[in-house]
Every structure is written in C-alpha cells, then in structure tokens.
Amino acid sequence: MRTSRKKKLWLALFIVALGGAGWFAFMLHKDTTYVHSPPYDQSRGEPADVLVVYYSRSGNTEGAAREIARFFDADLIRIEAPRYTRDFVGWRHAADDARQDVTKVEINHPPIDPRGYKLVVLGSPVWLFRPAPPLWAFVEKHRFDGAHVVLFNTFNSRFKDDEMATFRRLVEERGASWLDHLYVRRGRISWQKSPAEVHSELQQLLIQHQPAFQAVLQTPRPRPSPSVSATAEAEPGDR
Ligand SMILES: Cc1cc2nc3c(=O)[nH]c(=O)nc-3n(C[C@H](O)[C@H](O)[C@H](O)COP(=O)(O)O)c2cc1C
C-alpha cells in the first residue's frame, strides 16, 4: 500500500518536472525564433527628415522598425549589443541587467548625429517594464537638440508608466522635444499575435498619429542635413 503511494508521488513529481522542462524549452524556442521581415530598402535620394534607431534582440522590434522606416522613408540604424546573444546566456544577461536597471552596456552602431533630424523614432523591446538597456545606452551617448522624439516599443503584456517617464526625462535631458510613446502589445508567450497582425496594428497606429508627425515634419530642419552614413543597416544574416 505504502509502495503504491510512493510510486504515485514519484509519478506526479515526474509529470510536474516534465511539464516544467517542456515550458522552459518552449520559452527558449520562442525567445530564439524571430520573424523574418524584408530588409528596408531606402528609396529616397535626398537627406531624410526622420531617423529610426532601434535595438532588437529577437527580431520583433526590428520588423516593426523596418515598417516605421518604410512609412517615413527614413534613415535606419540598428544598435547591436553583443552581451545579449540569442541564447540562454544572452537571455540571462538581459534579465539580470534589466532587473538592475542597467543603462550602460556595450553597444555598436554606425556613427550618427540625431540632431540633424526633425523626428527621431527610438525603438526597443520592453525588458522588465522599461526599454531595454541598449536603448538607454544609445540615448546617454547622443544629443537630440532640435529633434522631436517618439519612443516605440514591442512587448508581450505590460510596461510601467513610471519607467517610461524616467526614459522620457533622459531623452529630454539630452535635448529632445518629446512627441509620443507608441507601442504594440504582442500578447503573452503562449498566445501571441502573428507578424501580419503586429504589422497591421502598427500601420494603423502610424496613420492615427499622422497629423502629429506632419506638424513636426513641416517645421524647418534643425541643423544642416545629416551625413547619410546613417543608412547602413547591418544585414539580418549576421544575427
Ligand atoms: C529579459 C526580458 C524581459 C522582458 N520583460 C518584459 C516585460 O517586462 N513586459 C513585457 O510585456 N514583455 C517583456 N519581455 C518580452 C519582450 O518585450 C517582447 O518579446 C519583445 O517583443 C521582444 O522584442 P525583440 O524581438 O525585438 O527583442 C521581456 C523579454 C526579455 C528577453
């Protein structure tokens, strides 16, 4: 009798452990699977009024940033952060740094001066309710005088307003005029929107905010045209 109870207990433990391992494997798979979006091909010949700068670890913000750049015919800059590799070690670094509100982390990107643009869109995933550390690092390294800034986030379920307000203060300290915070909630990991749904939601968002964008884009350029080394977007193949 006692042996049979022990067996049942072991079986229950085994099932729980199996479920936990399955969930962990599923999370890791989701974390390292990104949705391909075609590289942004700049069609414009003259200097852009809009700069899109983004960090994306697993590709979702990247897809959205490319759509935003297409919408504005913008210059597009990708921030690389070697510490946050697309594996378990990178995920752990990401979670640890986000938990400690890290804002200084090694980042690489083509040289850029945001002050030459009328509108700068800063894109990033949300990590522990705030933009990911590489975007903070980018803002801390640059001045934005004369430019209006829009923050753009993708995330699963939620961010915190006070964390976003802290980010906004940093952007303003760096000389920018704050314009807006746009975001797409992709849904919890077990039930997420498809890339097509995310991109269609994003299009609607951009169209809705078009009057505010137009008002900014009709103002004179804050400084002489930026040098367009900004167009160099790293190839997606190197992820
Ligand atoms: C370390 C870490 C922390 C995260 N924290 C949050 C969070 O606080 N809130 C949320 O809704 N999603 C959170 N996410 C999910 C990401 O924001 C979401 O998957 C995002 O779309 C990923 O963008 P990317 O593919 O461009 O890297 C987190 C993801 C990671 C890796």
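I started with what lies over the buried residues of H2 (60-72): the cover includes strands S1 (50-55), S2 (75-79), S3 (119-127), S5 (148-155) and S6 (177-185), plus helix H6 (195-208). Cover here goes by contact, with C-beta atoms, placed from the backbone, within 7 Å. Helices (H or I, at least four residues) and strands (E, at least two) are DSSP runs numbered from the N terminus.

Note on the model: it is predicted, so local features need pLDDT of at least 70 and side-chain atom pairs pLDDT 80 or more, while totals for chains, interfaces and linings use all residues. Residues are numbered from 1 along each chain as its sequence is written.

Next I looked up which H2 residues are buried (20 or more other C-beta atoms within 10 Å of their own; exposed is 12 or fewer, partly exposed in between). I found Asn60, Thr61, Glu62, Gly63, Ala64, Ala65, Arg66, Ile68 and Ala69.

I checked the length of H2 too. Its 13 residues should span 18 Å at 1.5 Å a residue (times one less than the residue count), and the end C-alpha atoms are 19 Å apart, which agrees. After H2 comes Asp73, with a positive phi near 55 degrees.

Then Val52: I see it touching Ala65, Ile68, Ala69, Ala74, Leu76, Val121 and Gly123, leaving out residues up to four places away in sequence.

Last, the ligand. I read that 22 residues surround the ligand, with Ser56, Ser58, Asn60, Thr61 and Pro125 coming nearest; near means a C-beta atom within 6 Å. H2, H3 (88-99), S3 and S5 each supply at least two shell residues, and H3 gives the most, four.

Conventions. Two residues are in contact if their C-beta atoms, placed from the backbone, lie within 7 Å.
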